[in-house]
Amino acid sequence: MASSDTWIKEYNEAARIADDINGMISERISLPASGPETQRHASAIRRKITILGTRLDGLQSLLSRPTGKPLTDKEMNRRKDMVANLRSKANQMASAFNMSNFANRESLLGPETKQDAMSRTVGLDNSGLVGLQRQIMKGKGVFSSRAR
């Protein structure tokens, strides 16, 4: 039951992040067409979309290797649908910001290693997740020297 509660908690957090992103997208209308404030806002939206993608990967990972009390097929399918719907929403938001690589994270970060993403992200807050992503990307040479 504990792992089920963990999954629900993680899903609710991912859904909250998606709601935050929608709110931020709505706020964008009140900003000037361009300028530093607008760029910071768009960057914050992109960052949250990336964090949401990481959370969704973790949720998917938990479903692929359930621990604790087994889930019924109906509940497993319901949760898979919940993740798929939220991922679809995230992909729509990402495409609105020209984040075409979002759908294929492997092209940016490489294939997931055996140490799954969930075990690396459990207990991290948003800033911890961003730090982990930067560490991974730095190791892949994604950041230019100017961006560091």
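**Exercise 1. Salt bridges**

How many salt bridges does the structure hold? Find the total, then describe where individual bridges lie and how buried their partners are.

*Solution.* The coordinates belong to a predicted model, and in this model the structure holds 8 salt bridges. Begin with a bridge between two helices: the side chains of Asp57 and Arg87 meet at 3.1 Å, N to O. Because Asp57 belongs to helix 2 and Arg87 to helix 3, this pair ties together parts that are 30 residues apart in sequence. As for solvent, Asp57 is partly exposed at 21% relative accessibility, and Arg87 is likewise partly exposed, with a relative accessible area of 25%.

Next, turn to bridges inside helix 3. Arg78 and Glu75 form a salt bridge at 2.8 Å, N to O, and these two residues, both in helix 3, are 3 residues apart, about one turn of the helix. Glu75 also meets Arg79 in a salt bridge, at 2.7 Å, N to O; because Glu75 and Arg79 are 4 residues apart in helix 3, about one helical turn separates them. The general background is that an α-helix has 3.6 residues a turn, so residues three or four places apart point the same way. The surroundings of these partners can then be read off: Glu75 and Arg79 are both buried, whereas Arg78 is partly exposed, with a relative accessible area of 39%.

Finally, look for shared partners.

- Glu75 and Arg79 meet in a salt bridge, and, elsewhere, salt bridges that share partners join Glu13, Arg16, Asp20 and Lys48 into one network.

**Exercise 2. The aromatic pair**

Identify the residues of the aromatic pair, classify its geometry, and state whether its members are buried or exposed.

*Solution.* The structure holds 1 aromatic pair. Its members are Trp7 and Tyr11, whose rings lie 5.5 Å apart, centre to centre, with 10° between the planes, and the pair is therefore stacked, since planes under 30 degrees apart count as such. Both residues lie in helix 1 (residues 2-27), and because they are 4 residues apart there, about one helical turn separates them. Trp7 is buried, at a relative accessible area of 2%, and Tyr11 is buried too, at 15%.

**Exercise 3. The nonpolar core**

Determine which elements supply the largest nonpolar core, and which residues have the most contacts inside it.

*Solution.* The largest nonpolar core has 25 residues, and those with the most contacts inside it are Trp7, Ile21, Leu52, Leu56, Leu59 and Leu86. Two or more residues come from each of helix 1, helix 2, helix 3 and helix 6 (126-139), and helix 2 gives the largest share, 9 residues. One of the residues named above can be followed further: leaving aside neighbours within four places in sequence, Ile21 is in contact with Ile45, Lys48, Ile49, Leu52 and Met93. As general background, nonpolar side chains tend to be buried together in soluble globular proteins. For the protein as a whole, buried residues make up 34% of the 148 residues.

**Exercise 4. Two residues of helix 2**

Establish whether His41 and Arg55 are buried or exposed, and list what each touches.

*Solution.* Take His41, which is placed in helix 2. His41 counts as buried because its relative accessibility is 13%, under the 20% cut-off. Not counting residues up to four places away in sequence, His41 touches Met24, Glu27, Arg28 and Leu31, and the side chain of His41 reaches the backbone oxygen of Met24 at 2.7 Å. The C-alpha atoms of His41 and Ile25, 16 residues apart along the chain, are separated by 8.9 Å.

Arg55 is also found in helix 2 (residues 36-64) and, at 11% relative accessibility, counts as buried. With residues up to four places away in sequence again left out, Arg55 touches Glu10, Glu13, Ala14, Ile17, Leu124, Asn126 and Leu129.

**Exercise 5. Helix 3 and the overall fold**

Compare the span of helix 3 with its expected value, and place this helix in the protein.

*Solution.* Helix 3 (residues 73-96) has 24 residues and reaches 35 Å from its first C-alpha to its last, close to the 34 Å expected at 1.5 Å a residue. Its buried residues include Met76, Met82, Val83, Leu86, Ala90 and Met93. The protein has 6 helices and 0 strands, so that the elements, from the N terminus on, run α-α-α-α-α-α. Among contacts between residues at least 6 apart in sequence, 75% join residues at least 24 apart.

Notes:
Residues are numbered from 1 along each chain as its sequence is written. This is a predicted model: local features need pLDDT of at least 70, side-chain atom pairs count only at pLDDT 80 or more; totals for chains, interfaces and linings use all residues. Side-chain values use heavy atoms; hydrogens and water are left out. The expected span of a helix is 1.5 Å times one less than its number of residues. Buried means under 20% relative accessible area, exposed over 50%, partly exposed in between (1.4 Å probe, protein chains only). Contact means heavy atoms within 4.5 Å. A polar contact is a pair of N or O atoms within 3.5 Å; within protein, one must be able to donate a hydrogen and the other to accept it, and residues adjacent in sequence count only if both atoms are side-chain atoms. Rings of Phe, Tyr and Trp (its six-membered ring) pair if their centres lie within 6.5 Å; planes under 30 degrees apart count as stacked, over 60 as edge-to-face and the rest as tilted. A salt bridge is a side-chain nitrogen of Lys or Arg within 4 Å of a carboxyl oxygen of Asp or Glu. A nonpolar core is a set of buried Ala, Val, Leu, Ile, Met, Phe, Trp, Tyr and Cys residues joined through side-chain atoms within 4.5 Å.
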